[in-house]
Amino acid sequence: MRRLAPLAVLIALVATPGCADPLAGPRPVLATDPPRDAVPSDRVEARLLAAHNAERARVGTPPLVWDDNLEAEARVWARELVMTGRWGHDPAMHGHGENLWTGWGGRVWTPEEMVAEWTAEKRHYRHGVFPNVSRTGNWTDIGHYSQMIWSGTTHVGCAIESRGDRSVLACRYSPPGNIDGRRAY
């Protein structure tokens with residue numbers, strides 16, 4: 001993990017074939033339910049979706065559509081992390097892309113600030129064939145960003161859970177991005 005901003009930590013993962021996860025190696029392709037179009041159920045969700053789509057518009061990828069099944073899946077994992085104090089990706093083979101963010105210290109984080117920390121990774125992004133897409137030589141330095149803008153991803157669902165002075169944002173993406181041998185857009 002690395003700190004990108006005071007009191008915030010980010011982590012990205014995908015569950016795809018040939019994923020360049022240096023710790024886990026390739027993952028099997030999993031059968032998942034097809035994405036389901038939905039409308040964000042509240043203003044926070046609408047703002048999370050808008051923050052994703054603003055960056056996608058900047059690079060010319062189609063806007064994401066909200067999926068309440070992905071949101072429910074993300075909420076379960078965000079709640080688990082905030083309730084247990086643990087940190088890491090969902091070990092369940094859920095077949096979706098996943099971005100995680102956490103902030104603590106009693107500060108109130110806006111949805112736009114949370115997503116902006118993923119977007120800030122674009123300073124290291126180099127357009128190319130995944131995993132050779134980072135100016136640092138390490139794709140994990142841009143993994144949140146590339147998942148956000150991945151043109152093959154069509155749906156997203158996110159959830160924020162808080163407890164005490166800690167908040168966790170989890171987003172799930174379908175189909176997942178960050179696939180070896182492909183371009184983000």
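**Notes on the fold, helix 1 and a few loop residues**

1. Let's start at Tyr-145. Beyond its neighbours within four places in sequence, Tyr-145 has contacts (heavy atoms within 4.5 Å) with Glu-55, Val-59, Trp-118, Thr-119, Glu-121, Lys-122 and Tyr-125. Tyr-145 sits in helix 4, which covers residues 143-149. Its relative accessible area is 3%, so it is buried (under 20%; exposed is over 50%, partly exposed in between, with a 1.4 Å probe and protein chains only). Glu-55, one of those partners, is 90 residues away from Tyr-145 in sequence, yet the C-alpha atoms are 9.2 Å apart.

2. A word on the source: this is a predicted model, with local features needing pLDDT of at least 70 and side-chain atom pairs counting only at pLDDT 80 or more, while totals for chains, interfaces and linings use all residues. Numbering starts from 1 along each chain as its sequence is written, and side-chain values use heavy atoms, leaving out hydrogens and water.

3. The overall layout: the chain has 4 helices and 6 strands, taken as DSSP runs numbered from the N terminus (helices are H or I, at least four residues; strands are E, at least two). Reading from the N terminus, the order is β-β-α-β-α-β-α-α-β-β. Of the 185 residues, 50% are buried. If you take contacts between residues at least 6 apart in sequence, 71% of them link residues at least 24 apart.

4. Helix 1 deserves a proper look. Its 17 residues should span 24 Å at 1.5 Å a residue, and the end C-alpha atoms are 25 Å apart, which agrees (the expected span is 1.5 Å times one less than the number of residues). Glu-45, Leu-48, Leu-49, Ala-51, His-52, Asn-53, Glu-55, Arg-56 and Val-59 are its buried residues. The cover over them includes strand 3 (65-66), helix 2 (68-84), helix 3, helix 4, strand 5 (155-163) and strand 6 (166-174). Just after helix 1 comes Gly-60, with a positive phi near 85 degrees.

5. How do helix 1 and helix 3 pack? Helix 1 (residues 43-59) meets helix 3 (residues 111-119) at about 30 degrees, the axes being 9 Å apart. That makes the pair roughly parallel (under 35 degrees; over 145 is roughly antiparallel, 65 to 115 roughly perpendicular, the rest oblique). Axes here are lines fitted to C-alpha atoms, for helices over the stretch in contact, and angles run from 0 to 180 degrees between N-to-C directions. The crossing is right-handed, meaning the near helix is turned clockwise from the far one by less than a right angle; anticlockwise would be left-handed.

6. Who makes that contact? From helix 1 come Val-44, Arg-47, Leu-48, Ala-51, His-52 and Glu-55, and from helix 3 Pro-111, Glu-112, Val-115, Trp-118 and Thr-119. The split is 6 nonpolar, 2 polar and 3 charged (Ala, Val, Leu, Ile, Met, Phe, Trp, Tyr, Cys and Pro are nonpolar; Asp, Glu, Lys and Arg charged; the others, Gly among them, polar). Note that Glu-55 and Trp-118 turn up here and also among the partners of Tyr-145.

7. Thr-110 is in the loop between strand 4 (97-104) and helix 3. At 28% relative accessible area, Thr-110 is partly exposed. Val-44 is 66 residues away along the chain, with 8.6 Å between the two C-alpha atoms.

8. The loop between helix 3 and helix 4 has a couple of things to check. Pro-131 lies there, and the Phe-130 to Pro-131 peptide bond is cis, omega near 10 degrees. Asp-141 belongs to this loop as well and counts as buried at 15% relative accessibility. From Asp-141 to His-124 is 17 residues in sequence and 7.1 Å from C-alpha to C-alpha.

9. Strand 6 holds Val-168, which is buried at 0% relative accessibility. Apart from neighbours within four places in sequence, Val-168 touches Ala-78, Leu-81, Val-82, Trp-87, Trp-101, Thr-102, Ala-159, Ile-160 and Glu-161. Its C-alpha is 8.8 Å from that of Trp-104, 64 residues away along the chain.

10. Finally, the segment after strand 6. Pro-175 is in it, joined to Ser-174 by a cis peptide bond with omega about -20 degrees. Asn-178 is there too, and its phi is positive, near 55 degrees, though the residue is not glycine. With 1% relative accessibility, Asn-178 counts as buried.
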